[in-house]
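Visitor: Could you walk me through this structure and tell me where its labels come from?
Guide: Sure, take a look first.
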Amino acid sequence: MGKKTDSLGPKALASRIKAKGLQKLRWYCQKQCRDENGFKCHCTSESHQRQLLLASENPQQFVDYFSEGFRNDFLELLRRQFGTKRVHNNIVYNDYISHREHIHMHATQWETLTDFTKWLGREGFCKVDETPKGWYVQYIDRDPETLRRQQGQEKKKKRDLDDEEKTAQFIEEQVRRGLEGKEQESLVYTELNRENDGEKVVFNLNKGAGTSTAPQPKPGLFRPSGLKTAGTALTVKRKRIPPASGEAKEKKRKTALEEIIESEEEKKKFTGANCWLQPAIVVKIVTKKLGEKYHKKKAVVEEVINKYAAVVKLVDSGDKLKVDPTHLETVIPAPGKKVLVLNGGYRGNEET
């Protein structure tokens, strides 16, 4: 009887590991041979000779077959493992050849990995770019399901923007209604004057009406004292001095410094960046959120809404848009035409 081999012995395990891993490329002929003797036996076999005869009749067909298989497996690995990330082509290739049953590049129409990378870029399968560190590839996902999902995300973003605009309009309408039904009261501050020098000025520290009497303590709770008597005798009054007939008495004359400060404050009211819009001026749309077809297009302001929005009409197409002032910029007219001052102390003046 022959010697019984141990299937779990170290030699058997080493043989299986060696057979499972990658071998030398010079012993490969669409079938991996373990050593030179095995490769020689394969080349002299009947199946190999028959495949050589078939390949010699139409070699381009076999090259196209292996090229298509290599391309599909490479792109599938790139899509599944790296997605649409930008990655070095050598990293993807090393992951691809780590599989034992992969198709070798020398059986395809490409001689080097660089040629294959350039071909992927020309055919539109990937975005490729060359750097000092080598070639990088980025997979272009054209799956119908992926495109449908991206379109759904864009529609959802557009719906969210529409909802936000509707909410803003609703809030503006509520604020406008609230301001219409409410009268804003203006406080009038007067000076403390005496009608005659002999009149006493008294103050009421209670939270009651303007003219009131100090509260009287209940009888029997406190002993009579001087404070009690004084408290009952004092009558606290608040009197509003009527305005005088003369203009000098009604309002104190302003000094030169106060007049300068008041004029500067009036100028500052028109220097805000939020209220520079004026109707009938030409502006340019500088945002890309409205679409590429409206970017850098000129328009005419037709209406200014609450100083924070404007309705513009495009000069070219005639479309009307509601935009924010931060998405617009002024347009300098041609020499010789009128210029409207939009900000500063001379706001509203026209010059040429």
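Guide: Let's begin with Cys 126, which stands opposite Tyr 139 in strand S3. This is a predicted model, where local features need pLDDT of at least 70 and side-chain atom pairs count only at pLDDT 80 or more, while totals for chains, interfaces and linings use all residues. Residues are numbered from 1 along each chain as its sequence is written, and side-chain values use heavy atoms, leaving out hydrogens and water.
Visitor: How do you know that S2 and S3 pair?
Guide: Pairing takes at least two bridges found by DSSP, and six bridges join S2 (residues 126-131) to S3, the two running antiparallel. A hairpin links S2 to S3 through two residues.
Visitor: Why are H4 and H5 called roughly perpendicular?
Guide: Their angle is about 110 degrees, with the axes 10 Å apart. Axes are lines fitted to C-alpha atoms, for helices over the stretch in contact, and angles run from 0 to 180 degrees between N-to-C directions. Roughly perpendicular covers 65 to 115 degrees, so H4 and H5 earn that name.
Visitor: What makes a nonpolar core?
Guide: It's a set of buried (under 20% relative accessible area, 1.4 Å probe, protein chains only) Ala, Val, Leu, Ile, Met, Phe, Trp, Tyr and Cys residues joined through side-chain atoms within 4.5 Å. The largest one here has 22 residues, and Phe 70 and Phe 116 are among those with the most contacts inside it. H4 gives the largest share, seven residues.

Definitions and conventions: Buried means under 20% relative accessible area, exposed over 50%, partly exposed in between (1.4 Å probe, protein chains only). Helices (H or I, at least four residues) and strands (E, at least two) are DSSP runs, numbered from the N terminus. Angles under 35 degrees count as roughly parallel, over 145 as roughly antiparallel, 65 to 115 as roughly perpendicular and the rest as oblique.
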